[in-house]
Amino acid sequence: MARPQQGARLLLAIMGALVALTYQTRRKTFISVHEVPVSDPVVVTTLDFVTKDFNQKSEDAYNFRIVRVLKVLKRLTDHMEYRINLEMRRTICLKMEVNNCSFQEGELYKKIDCFFSVFVIPWFEKYRVLAKNCTDG
């Protein structure tokens with residue numbers, strides 16, 4: 001009579017172990033998180049992507065440009081993620097213009113503080129904004 005109960009307990013233990021393993025593989029474990037310099041080539045291309053993406057999706061008539069990068073963190077899990085804090089300002093260039101434009105002054109002056117989280121696979125030149133939060137500065 002003891003054998004059917006042992007089989008049920010063994011089956012329950014196996015199922016519990018499988019659930020625990022499945023949960024563990026879905027959880028992202030950070031391999032490393034560290035601050036990186038703005039001069040890093042991958043950061044430079046990521047900042048270019050962020051600026052273009054922001055301007056394409058913005059409803060503002062003018063383009064914005066990065067004034068200052070406050071902090072860049074690189075997070076490694078199963079992919080690379082850059083977490084960027086920066087300041088942007090409205091330029092005198094309209095959306096269709098792509099020149100290196102000066103910043104707006106006077107009545108049209110606008111500065112925003114932004115946080116971006118960007119998924120990056122640099123060797124495939126693949127970028128995707130995971131999170132964005134911008135507020136008037």
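Guide: A pocket is an open set of points, on a 1 Å grid over the protein atoms alone, with protein on both sides within 12 Å along at least five of seven lines. The structure to which this term is applied here is a predicted model.

Visitor: What is the volume of the largest pocket?

Guide: The lining of this largest pocket is made up of 17 residues, and those closest to its centre are Thr 51, Lys 52, Asn 55, Phe 64 and Val 98. The space that these and the other lining residues border has a volume of about 410 Å³.

Visitor: Which element gives the most residues to the lining of the largest pocket?

Guide: Three elements, namely α2, β2 and β3, each supply at least two residues of that lining. Among the contributions to the lining, the one that ranks highest amounts to 5 residues, and it comes from α2.

Visitor: In what order do the elements of the protein chain run from the N terminus on?

Guide: The protein chain contains 2 helices and 5 strands. Read from the N terminus on, these elements follow one another as α-β-α-β-β-β-β.

Visitor: In what order do the 5 strands stand in the open sheet?

Guide: The pairing can be followed from one strand to the next: 4 bridges join β1 to β2, 12 bridges join β2 to β3, β3 and β4 pair over 10 bridges, and β4 and β5 also pair over 10 bridges. The pairing is antiparallel, and the order in the open sheet is β1-β2-β3-β4-β5.

Visitor: Which strands stand at the edges of the sheet?

Guide: The sheet is open, with its 5 strands in the order β1-β2-β3-β4-β5. A strand at an edge has a single partner, so one side of it is left without a neighbour in the sheet, and this applies to β1 (32-35) and β5 (126-136).

Visitor: Which residue is the bridge partner of Arg 83 in β4?

Guide: Individual bridge positions show how the strands are aligned, and several can be named: His 34 stands opposite Lys 74 in β2, Arg 75 has Glu 81 in β3 as its bridge partner, and Phe 119 stands opposite Arg 128 in β5. For Arg 83, the bridge partner in β4 is Ser 117.

Visitor: Is β3 largely enclosed by the rest of the structure or largely open, and how many of its 15 residues are buried?

Guide: A residue counts as buried when its relative accessible area is under 20%, and for the protein chain of 137 residues the buried share is 30%. In β3, by contrast with an open strand, the structure around it leaves it largely enclosed, because the number of buried residues among its 15 is 11.

Visitor: Which residues touch the most other members of the largest nonpolar core?

Guide: In soluble globular proteins, nonpolar side chains tend to be buried together. The largest nonpolar core here has 19 residues, and the elements that give two or more residues to it are α2 (41-57), β2 (62-76), β3 (80-94) and β4 (111-121). Beyond four places in sequence, Tyr 82 touches residues that include Val 36, Val 43, Val 72, Phe 116 and Val 120. The members that touch the most others are Tyr 82, Leu 86, Met 88 and Phe 116.

Visitor: Is Asp 60 buried or exposed?

Guide: Asp 60 lies in the loop between α2 and β2, where, leaving aside neighbours within four places in sequence, it is in contact with Arg 90, Lys 95 and Lys 110. Of these contacts, Arg 90 is 30 residues away from Asp 60 in sequence, yet the C-alpha to C-alpha distance in space is 8.9 Å. Since buried means under 20% relative accessible area, the value of 16% for Asp 60 makes this residue count as buried.

Visitor: What value does phi of Glu 125 take?

Guide: Glu 125 is found in the loop between β4 and β5, which form a hairpin with 4 residues between them. The relative accessible area of Glu 125 is 66%, so this turn residue is exposed. Its phi is positive although the residue is other than glycine, with a value near 50°.

Terms used. Residues numbered from 1 in each chain as written. Predicted model: local features only at pLDDT ≥ 70, side-chain atom pairs only at ≥ 80, totals over all residues. Heavy atoms only, no water. Core = buried A, V, L, I, M, F, W, Y, C linked by side-chain atoms within 4.5 Å. Buried < 20%, exposed > 50% of the residue type's maximum accessible area, 1.4 Å probe, protein only. Contact = heavy atoms within 4.5 Å. Pairing = 2+ DSSP bridges. 1 Å grid on protein atoms, 1.4 Å probe; cavity = no way out; pocket = protein on both sides within 12 Å on 5 of 7 lines; lining within 4 Å. Points joined across faces, edges and corners; volume = space filled by probe spheres on them.
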